[in-house]
Amino acid sequence: ASPGAVPALRGCCAGGYNWDWVRDGALSLSTLLDLEGWAVSTVGDEAPVTHAVVKQILEAYTNWVSELQRMGGNQIAPDGTLSIAFGEPKWSIADGSPYPGGWCRPQTDGPPLRALTLMKFAGSGLITEAMEKHLWTLITFDLDWLANGTGIAMESCDLWEESRDANYFWNRVVMRAALEQGSRTASQMGDNERALRYQRAWQEFIGDPIQDHMEATADGNFITECPLSDSKEQSADCIKYEKTIDGAVILALVHSAVLGVVKDGAGVAVSDVVATTVLVYNEAFCNLYPVNEQDTSAGVPGVLYGRYLKDEYGGGNPWQLISAALANLMYLASQEISRGAAMGEAQLSAWRRALQSKHFRGTAPEFIAAGDSVLARLRHHVTSFDDWHLYEQINRYTGEQYNAKDLTWSYAEVLSALKAREDAVALSKANPPKADQSAATPQGDFAGDGAETAVYRVNGVVSVKAHR
């Protein structure tokens, strides 16, 4: 096996999951960097995530990326339009060669995600000055390609590897995040020319991805994966697969690098458009999956999300990693509130509709409780029968876990959500709600004892405590 490669899952299974997907690997190792130094990372008797382990794995990953860029940089993709280094989605763990068979290509989210992870490693304090310069060479390999605009405008497969469009929300968001972070990193490296070039690239070629990915409803606008339904840019695949509602949007929000950040008193996660997105997606996936209705009837809080409404892969089921990302979104909203994000009446109204609570006050503990409810429902389907392992999907009818046992990306999203929760709890305790917002007085759908506890209702079910 090639050191530094990230297997899509532990072991092998039908379907060829024993390959390194550029997307999965970058996201998983980004999470690994977040786990370094976290108490949970050393729980148990197997594979503790220590400082030394993270450093060793990320150094190996750096060498892996370096080799892929070297091998792929001068190769042309099967369609003759793109270097394999930028558009090939998966590589052999055995010898580092690109996948030789037919697949959905190109996938242009790999380079920005790879660059984001390497930039996080560069800023982690785990590297030497010489390693920093080497990392910058690898990072600029990907970001220079993005900054020329060709890759941004190029038609790409979606992250589910099933459809094509030139303007997926997921792709645009991670590209912008990479270029923004790249501009900051370039300034720190004294590379002022690239700092300006990367900034101009996202401003000129991407702008605000939300603006052309919104659909209107009676409750307000929500975010879609494809461009506006009446846009001339929308592809036949977007129409065919009805990707207006797509779990990729939730993942994009979580991995956008702007959630949890407050500028001029405003936050993205607590915005009314995100609230309406949650409302629309809640309704869609609750109606789509019988297991959601069964859980609600049984008193299990939360909701499970899947990919999109016409998903047929494996029968079309909820996915663990998307549901965990939804919980993460709630924890990031909580962090924004604790950092001073203001919520106007329009935002409060939108979140009250989304969370089905007319008494929601927009406090950090309440958002934490909302995230906890989602993880509670996810936890309900991870049982001793599976020896507590995570799979890729949850059967929409039986609630049993299904397909791709020990999917690396599933663990990454769940652990990322748990880490975001811990950060949200710490911030909430340090910045308790004001007296007029406190959850101390039990009221309607929420009850609590100060900043320590809040109870959340979803689909008519009340149960989850926000803080231990």
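**Notes on helix packing, spaces and backbone details**

1. The axes of H15 and H16 cross at roughly 155° and come within 10 Å of each other. An angle over 145° counts as roughly antiparallel, so H15 runs roughly antiparallel to H16. The crossing of this pair is left-handed. Please keep in mind throughout that this is a predicted model.

2. Which residues bring H15 and H16 together? From H15 come Ala364, Pro365, Ile368, Asp372, Leu375 and Leu378, and they meet Val414, Leu418, Arg421, Ala424, Val425 and Ser428 of H16. Sorted by class, this contact has nine nonpolar residues, one polar and two charged.

3. H15 also packs against another helix. Helix H13 (residues 320–338) and helix H15 (residues 364–380) have axes 7 Å apart, at an angle of about 170°. H13 and H15 are therefore roughly antiparallel to each other. On the H13 side the contact is made by Gln320, Ser323, Ala324, Leu326, Ala327, Met330, Tyr331, Ala333, Ser334, Ile337 and Ser338, and on the H15 side by Ala364, Phe367, Ile368, Ala370, Gly371, Asp372, Val374, Leu375 and Leu378. The contact of H13 with H15 divides into 14 nonpolar, five polar and one charged residue.

4. It is worth setting the two lists for H15 side by side. Ala364, Ile368, Asp372, Leu375 and Leu378 are among the H15 residues that touch H13, and these residues also appear among those that meet H16. Pro365 is one of the H15 residues in the contact with H16, while Phe367 is one of those in the contact with H13.

5. Leu427 is a good residue to click on next. Leu427 sits in helix H16, and its C-alpha atom is separated by 9.2 Å from that of Ile337, which is 90 residues away along the chain. Setting aside neighbours within four places in sequence, Leu427 is in contact with Gln335, Ser338 and Arg339. Ser338 is also one of the H13 residues that take part in the contact with H15.

6. Another helix pair lies earlier in the chain. Helix H7 (residues 169–188) and helix H8 (residues 192–205) cross at roughly 155°, and their axes come within 7 Å. That angle makes H7 roughly antiparallel to H8. H7 passes H8 in a left-handed crossing. H7 contributes Arg172, Arg176, Leu179, Glu180, Gly182, Ser183, Ala186 and Ser187, which meet Asn192, Arg194, Ala195, Tyr198, Gln199, Ala201, Trp202 and Phe205 of H8. By class there are seven nonpolar, five polar and four charged residues in the contact of H7 with H8.

7. Now to the open spaces. How much space lies in the largest pocket? The volume is about 1,300 Å³. Its lining has 30 residues, and those nearest the centre are Glu46, Ala47, Val49, Tyr411 and Leu415. H1, H2 and helix H16 (408–430) are the elements that give two or more residues to this lining. H16 gives the most, with six residues. The lining of the largest pocket has 20 nonpolar, six polar and four charged residues. H16 thus turns up in the pocket lining as well as in the contact with H15.

8. As for enclosed spaces, a search of the whole structure finds four cavities of 30 Å³ or more. The second largest cavity holds about 40 Å³ of space. Asp20, Trp21, Val22, Gly25, Ala26, Tyr61, Trp64, Val65, Leu68 and Arg114 line this cavity. Strand S1 (19–21), helix H1 (22–35) and helix H2 (51–72) each supply at least two of these residues, with H2 giving the largest share, four residues. The lining of the second largest cavity divides into seven nonpolar, one polar and two charged residues. H1 and H2 are also among the elements that help line the largest pocket.

9. Finally, two backbone details deserve a look. Most residues other than glycine have a negative phi, and most peptide bonds are trans. The peptide bond from Arg105 to Pro106, however, is cis, with omega near -10°. Pro106 lies in the loop between strand S2 (90–92) and helix H4 (110–122). Asp387, though not a glycine, has a positive phi of about 55°. Asp387 is found in the loop between H15 and strand S9 (393–394).

Key:
Residues numbered from 1 in each chain as written. Predicted model: local features only at pLDDT ≥ 70, side-chain atom pairs only at ≥ 80, totals over all residues. Heavy atoms only, no water. 1 Å grid on protein atoms, 1.4 Å probe; cavity = no way out; pocket = protein on both sides within 12 Å on 5 of 7 lines; lining within 4 Å. Points joined across faces, edges and corners; volume = space filled by probe spheres on them. Nonpolar A, V, L, I, M, F, W, Y, C, P; charged D, E, K, R; others polar. Axes fitted to C-alpha atoms, helices over the stretch in contact; angles between N-to-C directions. Parallel < 35°, antiparallel > 145°, perpendicular 65-115°, else oblique. Left-handed = near helix turned anticlockwise from the far one by under 90°. Contact = heavy atoms within 4.5 Å.
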